[in-house]
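Subject: Structure handover

Hello,

Here is the structure for your files, with the sequence alongside. My notes on what was found follow below.

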Amino acid sequence: MRRGTAAVRGFRLLDPYGSLQPPIYQTALFRMEGEALKSDRGFDLKYSREENPTLRPLEEALATLEDGVDALVFNSGMAALSSVFFSLLNADATVLTTMEAYGTTLRLLSSLGRFGVKLRKTYPSTETYIEGLKSGRPTVAFVETITNPLLHVLDIPEVVKTAKDLGSVVVVDNTFATPVLIQPISHGADVVVHSTSKYIAGHNDVIGGVAVVSSRAMLEELWVWRAMLGGIMQPFEAFLTLRGLKTLFVRFEYQCKSAKAIAEFLAEHSKVAEVIYPGLPTHPDHGVAKKLFGDKFGAVVSFRVKGGRDAVFKFFKSLKLVTPGPSLGGVESIATYPVASAASPIPEEDRKILGITEDLVRLSVGLEDVDDLIEDLDQALNA
Ligand code: PLP
């Protein structure tokens, strides 16, 4: 089964009535007349904080799309990430991350310092990250496939190979690239995480997360942590997320195409100082992105507005179609101010090194007609 088909039909239908759509088991508990019943994958089916059959079609489809052995869905991307880190780390463990990553992930990793976990950060380039790996084997090597907000693309196969040779566990956040562009487990990664609130669900109406694992042993360990930390996805959210997932491929391909057209338009705009998009030859990681992703480069475009913070605020206020706000990956286009949202937990000195400045805007390109989006951006920049 090809990946586009797996997004639509990559799960077994376990319903006895032949329903085309998986049923929602909106229940807190399951009957227990002695021993618990087992779910299709052999876990106890007792209580919906541990296992609920509504989640299984979504987990199966996501595991197939990401070349994993199985998957666990959570009530947010952060619930997935925190459960994964708790399951892998102990006091004396070290995590290596890029200094640019989703701000709350970085805040979580540095907060784990109070339990003895050490955090090391490198500049988000393949060379510096690999140097970081070699300068002291981390317990966990963590990377995002496309970083947020400056859209760096590390050479995942190279990074994973080095990390695995050293004996690190590799965790990849594939939220921005999605399995449409890359499947890190097929390159040797151990765990892939997504904020399914973004492209997987895709409609700006549901928060969720997933961890796709590459072994049964990891699944069993993480299943226990999901139950202990209590971050399992709720049944209706799972229903909505699976419904969204079915259109991932058509949505994402269209959004990537529009994003490229918008990046090219902005690159010529007199009010724009710089456009940052891996699909443009001016991006430092364009070559790596082309090698890994082919002709699609994601659907987020970042750019710097001439005139700094005041000009950016005027731009946000003048938008008529695009919504100013946090988040990304949905059908509606969203313009974000990274210094006040996703990147705000990144320490000031790191932001300086990275170039996350007050003139920076991150645009998540949705499914509106690209000409309407370009007209709206143009009038707001000229306002
Ligand atoms: N990872 C990335 C790359 C993100 O952009 C986000 C959220 O913006 C998260 C993880 C966290 O996901 P959630 O907001 O679903 O908890």
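**Salt bridges**

Glu59 and Arg56 form a salt bridge through their side chains, with 3.0 Å from N to O. The two residues sit three apart in helix α2 (residues 56-65), so about one helical turn separates them. Glu59 is buried, at a relative accessible area of 1%, and Arg56 is buried as well, at 3%. Please keep in mind that this is a predicted model.

The pair also belongs to a wider set: Arg12, Asp40, Arg41, Glu51, Arg56, Glu59, Glu60, Asp70 and Arg226 are linked in a network of salt bridges. Over the whole structure, the search finds 26 salt bridges. As general background, side chains of opposite charge can pair when their charged atoms come close.

Two other pairs make useful comparisons. Asp190 and Lys164 meet through their side chains at 2.7 Å, N to O. This salt bridge links distant parts of the chain, with Asp190 in the loop between α7 and β8 (191-195) and Lys164 in helix α6, 26 residues apart. Asp190 is buried, with a relative accessible area of 11%, whereas Lys164 is partly exposed, at 33%. The other pair is Lys296 and Asp295, whose side chains form a salt bridge at 3.7 Å, N to O. Here Asp295 is exposed, with a relative accessible area of 59%.

**Two domains and their interface**

The domain assignment divides the protein chain into domain 1 (3-245) and domain 2 (248-382). Taken over C-alpha atoms, the centres of domain 1 and domain 2 are 26 Å apart. Each side brings 44 residues to the contact: 44 from domain 1 and 44 from domain 2.

How much area is buried between domain 1 and domain 2? The value is about 3500 Å², and carbon and sulfur atoms give 69% of that area. On the domain 1 side, Leu150, Leu181 and Tyr199 supply 21% of the area that this domain buries against domain 2, more than any other three residues.

There is polar pairing across the boundary too. Between domain 1 and domain 2, 15 residue pairs are in polar contact, both residues being at pLDDT 80 or more. Several helices of domain 1 take part: α1 (3-9), α4 (103-111), α6 (156-166), α7 (178-181) and α9 (235-245) each supply at least two residues of the side that touches domain 2. The rule also finds two salt bridges across the interface of domain 1 and domain 2. Elsewhere in the list of salt bridges is the pair Asp155 and Lys291, whose side chains meet at 2.5 Å, N to O.

**The nonpolar core**

The largest nonpolar core has 119 residues. Helix α10 (residues 248-267) gives the largest share of this core, eight residues. The core draws at least three residues from each of domain 1 (3-245) and domain 2 (248-382). In general, nonpolar side chains of soluble globular proteins tend to be buried together.

Which residues have the most contacts inside the largest nonpolar core? They are Phe85, Leu245, Ile262, Phe293, Phe303 and Phe315. For Phe315, the residues touched are Phe303, Val361, Leu377, Ala380 and Leu381, leaving out residues up to four places away in sequence.

**Two single residues**

Ser197 lies in the loop between β8 and β9 (209-213). Is Ser197 buried or exposed? Its relative accessibility is 7%, so Ser197 counts as buried. The side chain of Ser197 makes a polar contact of 3.1 Å with the side chain of Ser195. A polar atom of the Ser197 side chain also lies 3.1 Å from the backbone nitrogen of Gly208. Not counting residues up to four places away in sequence, Ser197 touches Val206, Ile207, Gly208 and Leu328.

His286 is in helix α11 (residues 286-293). His286 is buried, with a relative accessible area of 14%. Apart from neighbours within four places in sequence, His286 is in contact with Pro278, Gly279, Leu280, Pro281 and Phe297.

Regards

How values were computed. Residues are numbered from 1 along each chain as its sequence is written. This is a predicted model: local features need pLDDT of at least 70, side-chain atom pairs count only at pLDDT 80 or more; totals for chains, interfaces and linings use all residues. Side-chain values use heavy atoms; hydrogens and water are left out. A nonpolar core is a set of buried Ala, Val, Leu, Ile, Met, Phe, Trp, Tyr and Cys residues joined through side-chain atoms within 4.5 Å. Buried means under 20% relative accessible area, exposed over 50%, partly exposed in between (1.4 Å probe, protein chains only). Helices (H or I, at least four residues) and strands (E, at least two) are DSSP runs, numbered from the N terminus. Domain bounds come from an automatic or database domain assignment. Contact means heavy atoms within 4.5 Å. Buried area is the accessible area (1.4 Å probe) that two parts lose on being put together, summed over both. A salt bridge is a side-chain nitrogen of Lys or Arg within 4 Å of a carboxyl oxygen of Asp or Glu. A polar contact is a pair of N or O atoms within 3.5 Å; within protein, one must be able to donate a hydrogen and the other to accept it, and residues adjacent in sequence count only if both atoms are side-chain atoms.
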